[in-house]
Amino acid sequence: MSLPVFVHPGPFDDVVELDGPEGRHAVTVKRLQPGEQIMLIDGRGAFATATITATRGKDEVTAAVGERGVAKRPEPTVTVVQALPKAERSELAVDLATQAGADAIVPWQAQRCVARWTGAKVEKGRAKWEAAALAAAKQSRRTRIPEVHEPVDTRGLAEFIAGKTAYVLHEEAATPIRDVDLSAAEIVLIVGPEGGIGEEELAQLTAAGARAVKLGPEVLRTASAAMVALSAIGALTSRW
């Protein structure tokens, strides 16, 4: 059975301390005891195994560090641009994409999005996505936590993908994902909203260099599309 994962900012010295939310999760939620092993990650690829030597109160852990290492960054890296889903599916989309290996996530305020991030909702929404990415990274035993970027509108997205290899998942595309070039160092994967990507919006993105691709015979929900596409890319490249 894999070890429970906890985030530590590093560096991983011979003895480390966990406190705050991570320490509370270890002591109060997981009820870990001295002698049990855990895995530490810094969220940027470094990891270490450690043995708990002491716990104090409800949120303090001392652990002796053993093996250390740095996980190789996957190739190609994949940035998921996710159109804002409805509230009940918003964090689910981030959770599934993180489990499937997304290296970064960009919230996209597409024209047909029902959800709208404006004013205070921008930072609140981004904070929720960051929390979802953190939890999913720990659950899936990842050493890297995907960065959640600032949200973009379609014009900002067109600027973001300029010069990059970008693919728009589109149900009416003629080219399947297995037939496109996945040899670039970085791939941008664009997932549209529940209502689909509008023709004008698709034209803006293709003019900026994106290419429409078909993921499969079924039309997927926006929350699960990135996970399925990442799985396909993982199987078609050296990511897996």
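These are my notebook entries on the strands and helices of this structure.

**Entry 1: the model**

I am working from a predicted model. I took the sheets before the helices.

**Entry 2: the annotated domain**

I looked up residues 18-63. The UniProt record, an unreviewed entry, annotates them as "domain: Ribosomal RNA small subunit methyltransferase E PUA-like". I checked the secondary structure over this stretch and found 22% helix and 46% strand. The C-alpha atoms at its two ends are 8 Å apart.

**Entry 3: the mixed sheet**

I traced an open sheet of 5 strands, and its order reads 1-3-4-5-2. The pairing in this sheet is mixed. Which strands stand at the edges? I found strand 1 (5-7) and strand 2 (15-18) there. Each has a single partner strand, so one side of each lacks a neighbour in the sheet. I also noted the twist: neighbouring strands are turned by 40 degrees against each other on average, direction ignored.

I then followed one pair inside this sheet. Strand 4 (residues 46-56) and strand 5 (residues 60-70) are antiparallel and share 9 bridges. As a landmark in strand 5, I marked Val65, which stands opposite Ala50.

**Entry 4: the parallel sheet**

I traced another open sheet, this one with 6 strands in the order 8-7-6-10-9-11. Its pairing is parallel. Strand 8 (147-148) and strand 11 (211-213) are the edge strands. Each pairs with a single strand, so each has one side without a neighbour in the sheet.

How many bridges join strand 6 to strand 10? I count 6 between residues 77-83 and residues 186-191, and the two strands run parallel. My landmark here is Val81, whose bridge partner in strand 10 is Ile190.

**Entry 5: helix 4, on the sheet and beside helix 5**

I looked at what helix 4 touches. Helix 4 lies across strand 6, strand 7 (104-108), strand 9 (165-169) and strand 10. Its direction is about 160 degrees to that of strand 10.

Helix 4 (residues 154-161) also packs with helix 5 (residues 199-207). I read an angle of about 25 degrees and an axis separation of 8 Å. That makes the two helices roughly parallel. Helix 4 passes helix 5 in a right-handed crossing. On the helix 4 side I listed Thr154, Leu157, Ala158 and Ile161. Helix 5 supplies Glu201, Gln204 and Leu205. I sorted this contact by class: 4 nonpolar, 2 polar and 1 charged.

**Entry 6: helix 2 and helix 6**

I turned to helix 2 (residues 87-99) and helix 6 (residues 222-236), whose axes come within 7 Å. They cross at roughly 5 degrees. Helix 2 and helix 6 are therefore roughly parallel. From helix 2, I noted Arg89, Leu92, Ala93, Leu96, Ala97 and Gln99. They meet Ala223, Ser224, Ala226, Met227 and Leu230 of helix 6. By class, I get 8 nonpolar, 2 polar and 1 charged.

**Entry 7: helix 2 and helix 3**

What does helix 2 use to contact helix 3? I began with the geometry. The axes of helix 2 and helix 3 (residues 120-139) come within 8 Å and cross at roughly 35 degrees. The crossing is right-handed. Helix 2 uses Ser90, Glu91, Val94, Asp95, Thr98 and Gln99. Helix 3 answers with Lys128, Trp129, Ala132, Ala133, Ala136, Ala137 and Gln139. This contact divides into 6 nonpolar, 4 polar and 3 charged residues. I flagged Gln99, which is listed in the contact with helix 6 and in the contact with helix 3.

How values were computed: Residues are numbered from 1 along each chain as its sequence is written. This is a predicted model: local features need pLDDT of at least 70, side-chain atom pairs count only at pLDDT 80 or more; totals for chains, interfaces and linings use all residues. Side-chain values use heavy atoms; hydrogens and water are left out. Axes are lines fitted to C-alpha atoms, for helices over the stretch in contact, and angles run from 0 to 180 degrees between N-to-C directions. Helices (H or I, at least four residues) and strands (E, at least two) are DSSP runs, numbered from the N terminus. Angles under 35 degrees count as roughly parallel, over 145 as roughly antiparallel, 65 to 115 as roughly perpendicular and the rest as oblique. A crossing is left-handed if the near helix is turned anticlockwise from the far one by less than a right angle, and right-handed if clockwise. Contact means heavy atoms within 4.5 Å. Ala, Val, Leu, Ile, Met, Phe, Trp, Tyr, Cys and Pro count as nonpolar, Asp, Glu, Lys and Arg as charged, and the others, Gly among them, as polar. UniProt positions are given in the numbering used here, feature names are shortened, and annotations may be inferred rather than shown by experiment. Two strands pair if DSSP finds at least two bridges between them.
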